[in-house]
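Visitor: Could you walk me through this one before I go back to the bench? I'd like to ask things as they come up.

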Amino acid sequence: MSIFNMFHVAGSALTAQSVRLNAVASNMANADSITSADGTPYRAKQVVFEATPMGNESAQGVRVKQVVESAAPPRMVYDPKNPAANAEGYVSMPNVDVVEEMVNMISASRSYQSNADVMNTARTLLMRTLAMGQ
Amino acid sequence: MVSKLDQTINFNRQALGLRAYRQQVLAANIANSDTPNFKARDIDFNSALQNALAGKGQSDLGMSTTSPRHISGTSSAGPASLMYRTVNQPSADGNTVDMDIERAKFAENAVQYEASLQFIGGQFKTMLSAIQGQSGQ
């Protein structure tokens, strides 16, 4: 039934957008982490979305296809006192672009809200349909 | 008599089914507003309703049956043919979803869905009063 598919579609979008918000939170939190588990500076993570059929062909939901690490070069900061500094006195900082992450966060949060609205509308329509003829 | 009742609500029943289908397609557009290379889609409600009333929906692509005990295969295609939306402002990632348009159409279609529901409800009330008569007055 079409209306129930709307819940699946909007639900998949909510999940995908919250994964994206999680990635943004992780990037922001680690914007200054000069070492990660493997000893190298933290690399910014970005999610890649993919349309996926939910139920039938026209109900295209979203899913996170993969999480990629940014290939941008690390930010080099001159700080000879830092124990992680190299021979020239430069420290490799994470390649997180804080401005870009903030934009990403607002975009994800707006998309999340839109899909929550879709769910609300679908619920209203279903309730009206149940009350049909009364 | 039952077929008369059926015919009475048939128009709004078809319209309601298509409205629900369109609502789902628009929800998919909104859900995929950030998916690279996703193309926004919609149906032409007018021609879809005319096709449905003429009994030649897209779902008529089912398998033919040669015995009454065969299961009539139903095609997975929806009740109307999906078309791609014309792009107003192309984006670099190949996505053609314009959130303003989709939100507006979504709200519009929700109202029209509720209108169809009201029409059906009114027809039920009409038939009910015809069946019951005005015995109380």
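Guide: One definition to begin with: buried means under 20% relative accessible area, exposed over 50%, and partly exposed in between, with a 1.4 Å probe and protein chains only. This is a predicted model, in which local features need pLDDT of at least 70 and side-chain atom pairs count only at pLDDT 80 or more, while totals for chains, interfaces and linings use all residues. Residues are numbered from 1 along each chain as its sequence is written, chains are lettered from A and ligands numbered from 1 in the order in which they are written, and side-chain values use heavy atoms, with hydrogens and water left out.

Visitor: What ipTM does the predictor give the complex, and what does chain B average in pLDDT?

Guide: The complex gets an ipTM of 0.83 and a pTM of 0.82. Chain B averages a pLDDT (the predictor's confidence in each residue, from 0 to 100) of 84, and 84% of its residues score at least 70.

Visitor: OK, the interface. How many residues does the contact take from each chain?

Guide: Counting contact as heavy atoms within 4.5 Å, there are 30 residues from chain B and 32 residues from chain A. The area buried between the two chains is about 2400 Å², with 62% of it given by carbon and sulfur atoms; buried area here is the accessible area (1.4 Å probe) that two parts lose on being put together, summed over both. Of the area that chain B buries against chain A, 23% is supplied by B:Gln24, B:Ala31 and B:Asp34, more than any other three residues.

Visitor: And which residue does B:Asp34 form a salt bridge with?

Guide: Its partner is A:Arg20, with the closest N and O atoms 2.9 Å apart. The rule, which asks for a side-chain nitrogen of Lys or Arg within 4 Å of a carboxyl oxygen of Asp or Glu, finds three salt bridges across this interface. Another pair is B:Glu114 with A:Arg128, whose closest N and O atoms are 2.2 Å apart. B:Glu114 lies in helix 3 of chain B and A:Arg128 in helix 2 of chain A, so the pair joins two chains. Helices (H or I, at least four residues) and strands (E, at least two) are DSSP runs, numbered from the N terminus.

Visitor: Is A:Arg128 buried or partly exposed?

Guide: A:Arg128 is partly exposed, with a relative accessible area of 41%, and B:Glu114 also counts as partly exposed, at 24%.

Visitor: Switching to within one chain: what does A:Lys45 pair with?

Guide: A:Lys45 forms a salt bridge with A:Glu69, the closest N and O atoms being 3.0 Å apart. Because A:Lys45 lies in strand 1 (residues 45–54) and A:Glu69 in strand 2 (residues 56–69) of chain A, the pair ties together parts that are 24 residues apart in sequence. A:Lys45 is partly exposed at 25%, and A:Glu69 is partly exposed at 46%.

Visitor: What about B:Asp42 and B:Arg85, buried or exposed?

Guide: Both are buried, and their side chains meet in a salt bridge at 3.2 Å, N to O. Salt bridges that share partners join these two with B:Arg22 and B:Glu102 into one network.

Visitor: Last one: which residues have the most contacts inside the largest nonpolar core?

Guide: They are A:Ile3, A:Met6, A:Val118, B:Phe106 and B:Tyr113, in a core of 17 residues. A nonpolar core is a set of buried Ala, Val, Leu, Ile, Met, Phe, Trp, Tyr and Cys residues joined through side-chain atoms within 4.5 Å.
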